[in-house]
Amino acid sequence: MKPNAILETVLYARDLGAIEDFYRQALGLEPFAKVEGRHVFYRVEEQMLLVFNPVATTKPFPHDAKLPVPPHGADGEGHVCFRASADEIAAWRARLEEQGVVIEADFEWPDGGRSIYFRDPAGNCLEFAEPRIWGLK
C-alpha cells in the first residue's frame, strides 16, 4: 500500500487575522472553517490548506477532548505551491502585483515549466507553478 493523494497541507502563523486578510485579498480564498486564535482552514478544490497558530496547537488537549488531535506546530517559514498553467501564472503575477505583493522570483525551470514565488504575512513562501516542473500533467 501507498498513499494516493495529499489531503491537507499545513502552514503556521501567529497572526491569523493578517493571514485571513491576505488569503482573501491576494488569493481570493474564503475560510472554510476557523477558530479565533487557533486556526483558519481553506478548501482549495479537493484539498485543504490549514493554517494553525503554533502557540495554540503545541498545547495538548485534555485527555477527555472530543477531538484529541495530538499537539503539533512549527516555527519559521513554511512553503506551499499552488498548481497553475502558464497563462494562470501570468494572471496571478498581475493580480498579486496589483495587491502590492512582492514577487521574489519568477523563472523557467531547466526541464520546462514556470514558477513565481511570494510570501504571506507570516513569511511563508508561496508559489504558483506549472505541474510539468515535476513531470505531471
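This is a guided tour of selections to make in the open structure, moving from helix α3 through salt bridges and aromatic rings to a surface patch and a buried threonine. The coordinates belong to a predicted model, which should be kept in mind at every stop.

**Helix α3**

Begin by selecting residues 86–98, which make up helix α3. This helix has 13 residues and spans 19 Å from its first C-alpha to its last, close to the 18 Å expected at 1.5 Å a residue. Now add the side chains of R93 and E97, which form a salt bridge at 2.9 Å from N to O. Because R93 and E97 are four residues apart in α3, about one helical turn separates them. R93 is partly exposed, with a relative accessible area of 24%, and E97 is likewise classed as partly exposed, at 40%. Before leaving the helix, select G100, which follows α3 and has a positive phi, near 85°.

**Other salt bridges**

The count of salt bridges in the model comes to 11, and a few of them deserve a separate selection. Show R43 together with E46, whose side chains meet in a salt bridge with an N to O distance of 3.6 Å. R43 is partly exposed at 45% relative accessibility, whereas E46, at 63%, counts as exposed.

Go next to D106 and R114, where the closest N and O atoms of the salt bridge are 2.7 Å apart. Which class does R114 fall into, buried or exposed? With 17% relative accessibility, R114 counts as buried, because the cut-off for that class is under 20%; its partner D106 is partly exposed, with a relative accessible area of 31%.

To finish with the charged side chains, select E20, R24, E30 and K34 as one group, since these residues are linked in a network of salt bridges.

**Aromatic rings**

Turn now to the aromatic side chains, among which there are nine aromatic pairs. Select F107 and Y117, a stacked pair whose centres are 5.8 Å apart and whose planes make an angle of 15°. The pair links distant parts of the chain, with F107 in strand β6 (residues 105–108) and Y117 in strand β7 (residues 114–119), 10 residues apart. The two rings can be coloured by accessibility: F107 is partly exposed, with a relative accessible area of 31%, while Y117 is buried, with a relative accessible area of 16%.

A further selection, consisting of F82, W92, F118 and F128, displays one aromatic cluster.

**A nonpolar patch**

Switch to a surface representation and select F61, L67 and V69, which form a nonpolar patch on the surface with about 280 Å² of accessible area together. Within this patch, centre the view on L67, which is placed in the loop between α2 (54–57) and β5 (79–83). At 61% relative accessibility, L67 counts as exposed.

**T57 and its contacts**

For the last stop, return to a stick view and select T57, which is in helix α2. T57 has a relative accessibility of 2% and therefore counts as buried. What is T57 in contact with, leaving aside its neighbours within four places in sequence? Its contacts are Y12, R38, F52, P71, H72 and G73, and displaying these six residues as sticks around T57 completes the tour.

Definitions and conventions: Residues numbered from 1 in each chain as written. Predicted model: local features only at pLDDT ≥ 70, side-chain atom pairs only at ≥ 80, totals over all residues. Heavy atoms only, no water. Salt bridge = Lys/Arg side-chain N within 4 Å of Asp/Glu carboxyl O. Buried < 20%, exposed > 50% of the residue type's maximum accessible area, 1.4 Å probe, protein only. Helix = DSSP H or I, 4+ residues; strand = E, 2+ residues; numbered from the N terminus. Phe/Tyr/Trp six-rings, centres within 6.5 Å; stacked < 30°, edge-to-face > 60°. Expected span 1.5 Å × (residues − 1). Patch = residues over 30% accessible without salt bridge, like charges linked within 9 Å, V, L, I, M, F, W, Y side chains within 5 Å. Areas by Shrake-Rupley, 256 points an atom, 1.4 Å probe, with all protein chains shown as cover. Contact = heavy atoms within 4.5 Å.
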